[in-house]
Amino acid sequence: MPHYTITLHHPDQASERFPVQAGQTLLAGAEAGLTRPVPVGCRGGGCGLCRVRILQGPYQRQCMSRRHVGPGQAQLGYALACKVLPEGDLDIELATPCPETPAARLCNGHG
Ligand code: FES
């Protein structure tokens, strides 16, 4: 099964790479492959905690809350990682959740 390489750029200029299998969500790959925890909530496109910005690369967006990613933001690459299916290598960064988003819970796939 093919996989893609995702490069996550952190605000401190560091970056991490992790693989995502074809058909796997960006969030699932991040939880399995990152050493730093990522914000996780509903895993269903509704809470907005897993908001990211995709800087480069092809992907498919599934249905997600417009409250957390409006049409204009989507054009700028903002998306919810639990509803993104990579279709090639991606460059991404974590995005600040919208103000109405509940406090983030951090998860690295081990808890
Ligand atoms: S985890 Fe809730 S929108 Fe992605």
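Begin by selecting β1 and β8 in this predicted model, where the two strands run parallel and are joined by 3 bridges. Within that pairing, pick out T7, whose bridge partner in β8 is D91.

Keep β8 selected and add strand β4, residues 51–56, to the view: β4 and β8 (residues 90–94) run antiparallel, and 4 bridges join them. R53 can serve as a marker here, as its bridge partner in β8 is E93.

Now return to β1 and bring in β2, which pairs with β1 in the antiparallel sense over 7 bridges. Select I6 and you will find it standing opposite F18 in β2. The two strands form a hairpin with 5 residues between them, and in this hairpin Q13 takes a positive phi near 80 degrees.

With these pairs in place, colour the whole sheet, which is open, has 5 strands in the order β2-β1-β8-β4-β6, and shows mixed pairing. Its edges are formed by β2 (15–21) and β6 (78–80), each of which pairs on one side only. If you look along the sheet, neighbouring strands are turned by 35 degrees against each other on average, when direction is ignored.

Next, show the side chains of β1. In a regular strand the side chains alternate between the two faces of the sheet. In β1, the covered face carries Y4, I6 and L8, whereas H3, T5, T7 and H9 belong to the uncovered one. Select helix α1 (residues 26–33) as well, since this helix lies across β1 (3–9) and β2 and runs at about 120 degrees to β2.

Then move to R17, which is found in strand β2. Is R17 buried or exposed? R17 is exposed, because 11 other C-beta atoms lie within 10 Å, and a residue counts as exposed with 12 or fewer. Leaving aside neighbours within four places in sequence, R17 is in contact with T5, I6 and T7. A distance drawn from R17 to I6, C-alpha to C-alpha, comes to 5.4 Å, although the two are 11 residues apart in sequence.

Finish by colouring the chain by pLDDT, which has a mean of 87, with 86% of residues reaching 70 or more. Among the elements, strand β7 (residues 84–86) has the highest mean, 97, and strand β9 (residues 106–107) the lowest, 48. Over residues 104–111 pLDDT stays under 50, and the model has 19 contacts beyond four places in sequence for this stretch. Where pLDDT is low, the predicted coordinates should not be read in detail.

Note on methods. Residues are numbered from 1 along each chain as its sequence is written. pLDDT is the predictor's confidence in each residue, from 0 to 100. Two residues are in contact if their C-beta atoms, placed from the backbone, lie within 7 Å. Two strands pair if DSSP finds at least two bridges between them. Axes are lines fitted to C-alpha atoms, for helices over the stretch in contact, and angles run from 0 to 180 degrees between N-to-C directions. A residue is buried if 20 or more other C-beta atoms lie within 10 Å of its own, exposed if 12 or fewer, and partly exposed in between; C-beta atoms are placed from the backbone.
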